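Please open the model in a viewer and keep the sequence panel visible. The tour proceeds by successive selections.

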Amino acid sequence: MVEYNKVNDELVKKLVAICGEKYVTTSEPLRHSYMARGIMGMEAELPEVIVRPENAEQVSKILIAANDNLSPVTPAAGGLSGGFALPAIQPGGIYMDMTRMDKMTVDTENRVMVVEPGVKSGDAWRIFKTKYPDWAPPIPDGAPPAATVLGDAIERGFSLVTGVYGPQADMIMGLEVVLPTGEIFHTGSWALPGAKPFYRWGVGPNPDGLFLGSQGSMGIITKCAIKMIPHPHYKTVVAYGGDTWDDIVRPAWEISKHEMGIAENTVMVQGGNYELVMTRWPEKNVPTDYDFYKKIGIDRKWMNYEVWAWSQEELDFALNGIDKIYKDYEVREKRTLPQQTLHPKQIASRLKKPNKIAVPYSLWQAGFLFITWYCPWLESSAMMEEYCAAMSDHGFPETMWVASIDHARQAIVMPILCFDSTEPGIMDRIREFNLETTRSFLKKGWINYRPDPFVHAPETFSQAKEYYKMLVKFRKVLDPNLILHPGRLAIPWDSVSDLPDPSKE
Amino acid sequence: MTSLEELRKINARCIHCRACQYAYSGEPDREGETEEYTGMLQGCPAGIYFGWEGYFNSGKQWMARAFLNGELPASQEFLEIAEACTTCGMCETQCPNYIDTVHVTEALRAAIIESGVEPLDKHKIFRDRVNDKTLRNPYNEAREERTKWLSEYQELIDKPDTKIAYYVGCTAAYRQQQIADHTASILRKLGIDFTIVSDEVCCGSPILRTGQREVFRNVMNENLETFKDYDLLLFSCAGCYKTFRNDYPEHSGQPLPFKVRHAVEFVYDLLDEGKIKIEKPYNKKVTWHDPCHSVRHVGIAIEKEILAKSDNWLLDSRAAEKAKEAHYELPRIVLNSIPGLDLKEMYRIKGDSFCCGAGGGVKAQFSDMALSTSKERLKEAASTGADILMTSCPFCVTNFNDGIKSLKKEEEATGVDLSDQGSKLVVVELLELLDELL
C-alpha cells in the first residue's frame, strides 16, 4: 500500500513561490467547484489544493515539490465531453488546473498545430473560422465548447474525422511531456532542438503510447502537436434507418470499406436508437412510446453519414455511392432500410461543431454517464443487443450511440446511462450494471475505452496480467513515488481493488 | 421553487460541461464583424474577472451540490464567492439541461445566510435600510420623500379611480429622478390615466438577489397588498419589473393580481397596435444593450412558463424558444420605429448579451469587478462604431457611465485615446429618448 501525505502548509508555500499567490488556493468552496460526478466518470475525491501553472517549467517545479512531500497530483484542463479528471483516491492532493496554459500556434505549411492544455474547442474553432477557414481544427466531435483540444487528443477521443483518420491521438505528431520527476522532454522530431514536429517517430522509438490514454498518470503533457486537416465546405449529413442493430451496422461497414473511394469523404459515421432522441427530454414531459417517434419520422435505429467534399459534384458522387450500397444491401439481404428525410435544420445541427449534442441527457431524470467500449465493427451489433438488454434489466432506458473509427475497423459503443443522481443507492446500481457488463464483455474480447479506476481497470487487468505487469514497471520507472493521478489504470492496485494484484502473481 | 432544497433535482442535472461559460455556446459559426467578436465567446463576468472555476456558474452548481449534500459547510468565504456574480443569467441561456442557474445561485446565497452566515457588509446595509419602515429603500432616504421628484404633477400621486399605476422604484425615485420624470411624461403624452402610489416600497430585488429573503418577503407582501386593486403596473426599472413579474408569483405562491409591463414594452404594445407612431427623427448611430432583468430574464421565464405547461417538450420546445426570441425583439422593434436611428448591434446580444456588471449586488460589494465588466461591454459597444450606447435600466446606465468616467480618467492620465474602448460613448436611457420623440 502506498501511503501519500496530505498537503501541508509548507507545500502550499512552495506552490505559491512557484506560481504566485494569485494562482494557488486551498479554499474549500473553490476546491468543491472543480468536482464532477457524471458524464465521463462517477469517482471523484476532493483535492486539497488547486494550483494553476502558467508553463511547463512551473509544472516541473510543482511535480518536484509534490515528490518531496509525497503528495498526489491530478492534472486537468477540460478535455473530453465534459467534467474533469479528478482525484480518484484519498488524499486528493494537488489538483493542477491547466487552463492558464492556453497558447496555440498554427503551421499551415506543415499542416500541424501546437496546443497547450488549456486551448478550448470553442476558442480553437473561432480562431480557425476567422484566420484559417480552409482548415479544420482538431477539436472533438460532439463535445461542448469548453472541452479542450489537448485533453481530447491525449485521451484518444473523437476528432471531426474519426471515421476516416481514427481517434484524435492518431493525429498526434509530437508531445512535450513533463515527467512525474520533473524532467521535460519532447517526442518525435521535436526531440531535436530546433526541429519542427513534422515526424512522429522522430529520433528513435516513440514513447507517445505510454502517455496517450494514461489519464494523466504517466506524465503531464504540456504541449501537443496535432495534424490539421483541410476543411472542404461542401458538407452534408444523410441518415438511413432500420429495425435492428445489424440493419445499421452492416451497410455502414460496406460503405466504410470503400477506402480511397467514397469512404474518404464519409468523415463521420455514427448512429443510435430512438431512445437517443427520447432521453434528451424530461421523462415526464415526452412520449415514451415508439409510435410517437415513428410518426415524426424517427426510425427505431439509424446511422448518420457526414460527408465532406471539395465540390458539389464530389459530394453528390459520395452520396450516390452510399445510397447505391444501401439499395443493393436491401435487395440482397431482403431488408427495408429507408433513407430518412432530414430537415435542413437537422442537417445544420449535426454539422455544427463544437456542439452541445451530448449534454442534455440529464433532463431525462437528473444525471447521466457515458460508458464507452471498443470492439471490431461487425461485433458492435451483438454488444449493443447485450447492453440494451442489461440496461432494461437494471431499469435504465436503452439509450445507445455507436460510431465508426477508421473506416469501420473498430466501433465505439456507448450506452448513455440516464439516471437520477439524487436517488439513494443509485451509485451502487450503476456499479452493479457496470460490473456485470464489464465481466461479460471482457470475456468476448471487447475493451473499455477509458477504464474507470474501480470497475473497468481492475476487471480488465485481472485478465490482462502480463500487460499490467509491464505497465506497472514502466510507471515505476517514470514515477517512482506513484504521485501522478494515483488510482487511474488501477495503479496502485490496492487503492482501488480487493481483487488479487496481477503484478504480484 | 424557492429554496435550494427544492432545486436539488434541477441542480443535479449539471454534468459540469461548462457550456455555460460561453456566449453563443450553441452557435460556433455565428458571424461577427471582427475576429474578436465571432463564434463562441467567454460570457461570464465573474468567471472572466476572477478566473477560478468557482466563480463560473459551472463551479457554483457543484458548490451548491456539495452544500446540499452536507459536504461543504456554510462560511463567509463561501458566501463571498457565491455573491460575486451579477446573476445576469447568460449561463442559463446556454444550459441544454435547462438548469435554472440564477435561481440556484440566489437560493444558494439564501441558504448560506439562513445557515447563520452574516450577509456581506454592503448587502447588509441594503437589507437594514429596506427593512426600516421609515425608509423602505436601500438608499437611506426618507420614505415620505419617495414622490418628491414629482414636484410638478402632484395630482398624479394616489390619484383615485385609476387602474394603471406607475411603479417608480427606489433608484428612479431617489437617484435617477430624470428616468421617473421621462416615464411619467411619456405616459402623460400617451394620454394614459395613471397614478403614482405613495405607499410603494422597495420591490426587494437587491435583497432577494443577495439572499436575504425574510426582508424580501415583507416588502413583496406590502407591495402586493398596496397594488392589489390595480389592473396594470408599469415599470421604468428593469430590476423592479423582473422582480414583480418573475419573482413575486414564485415567492408568494400566487399569480400576480395585476398585469405588469415595462414602459418600453408598453410603448411597443401601442406601436404594435398602431395607436402611436414616432415621427421625430433621431439621426444617430446607436447600439443597444439588453438589460439582463427585463430582456433575458423575462425571455427565459416566458420560455419556461410555456414548457411548464407542456407534456411534450420535444414538440413544444421550439415554440417556447420562439416566444422567448420574440420577447428579445421588442426593444429592437421600438428602436427601429424611430426615424433616422441607425441601430448598430453589438456582437453579444439578446439571450447572449454580456452583462453591464452592476446586477446581483455586485455593484455595491464588488465595485472593481463591476467596473471591469462595464469596460468589457463598453469596448464591445465601441466596436460597433456607434456614438450612443442605449439601454433601459438605471443600473446599466450608472455602471456604464462609471466605466466611461474611468476610461476618461485613464485618457487624462496617460494621454492615450481610448475611444476604441468606449471612452467617447454617450449613454442614453431609451425612455429619455422616447419622451423626447413622442
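Select strand β5 (residues 232-235) and strand β6 (residues 259-262) of chain B: the two strands pair in the parallel sense over 4 bridges. Within this pair, F235(B) stands opposite H262(B) in β6(B). Add helix α12 (residues 238-252) of chain B to the selection; the chain runs from β5(B) through this helix to β6(B), and the β-α-β crossover is right-handed.

Next, add strand β3 (residues 164-167) of chain B, which pairs with β5(B), again in the parallel sense, over 4 bridges. Here Y167(B) has F235(B) as its bridge partner. The model is a predicted one.

Now display both chains and select the contact region, where 40 residues of chain B are in contact with 43 residues of chain A. On the side of chain B that touches chain A, α1 (8-11), α3 (57-68), α4 (76-83) and α15 (313-336) each supply at least two residues. Which helix gives the largest share of that side? The contributor is α3(B), with 5 residues. Colouring this side of chain B by class shows 18 nonpolar, 11 polar and 11 charged residues.

Finally, select chain A as a whole, which has 17 helices and 19 strands. Its radius of gyration is 23 Å, close to the 23 Å that the globule rule gives for 505 residues, so chain A is as compact as a globular protein of that length. The C-alpha trace of chain A spans about 70 × 55 × 45 Å along its principal axes. In chain A, 56% of the 505 residues count as buried. Of the contacts in chain A between residues at least 6 apart in sequence, 70% join residues at least 24 apart.

How values were computed:
Residues are numbered from 1 along each chain as its sequence is written. Chains are lettered from A and ligands numbered from 1 in the order in which they are written. This is a predicted model: local features need pLDDT of at least 70, side-chain atom pairs count only at pLDDT 80 or more; totals for chains, interfaces and linings use all residues. Two residues are in contact if their C-beta atoms, placed from the backbone, lie within 7 Å. Ala, Val, Leu, Ile, Met, Phe, Trp, Tyr, Cys and Pro count as nonpolar, Asp, Glu, Lys and Arg as charged, and the others, Gly among them, as polar. Two strands pair if DSSP finds at least two bridges between them. A crossover is right-handed if, with the strands pointing away from the viewer, the path from the first strand over the helix to the second runs clockwise. The radius of gyration is taken over C-alpha atoms; the globule rule is 2.2 Å times the number of residues to the power 0.38. A residue is buried if 20 or more other C-beta atoms lie within 10 Å of its own, exposed if 12 or fewer, and partly exposed in between; C-beta atoms are placed from the backbone.
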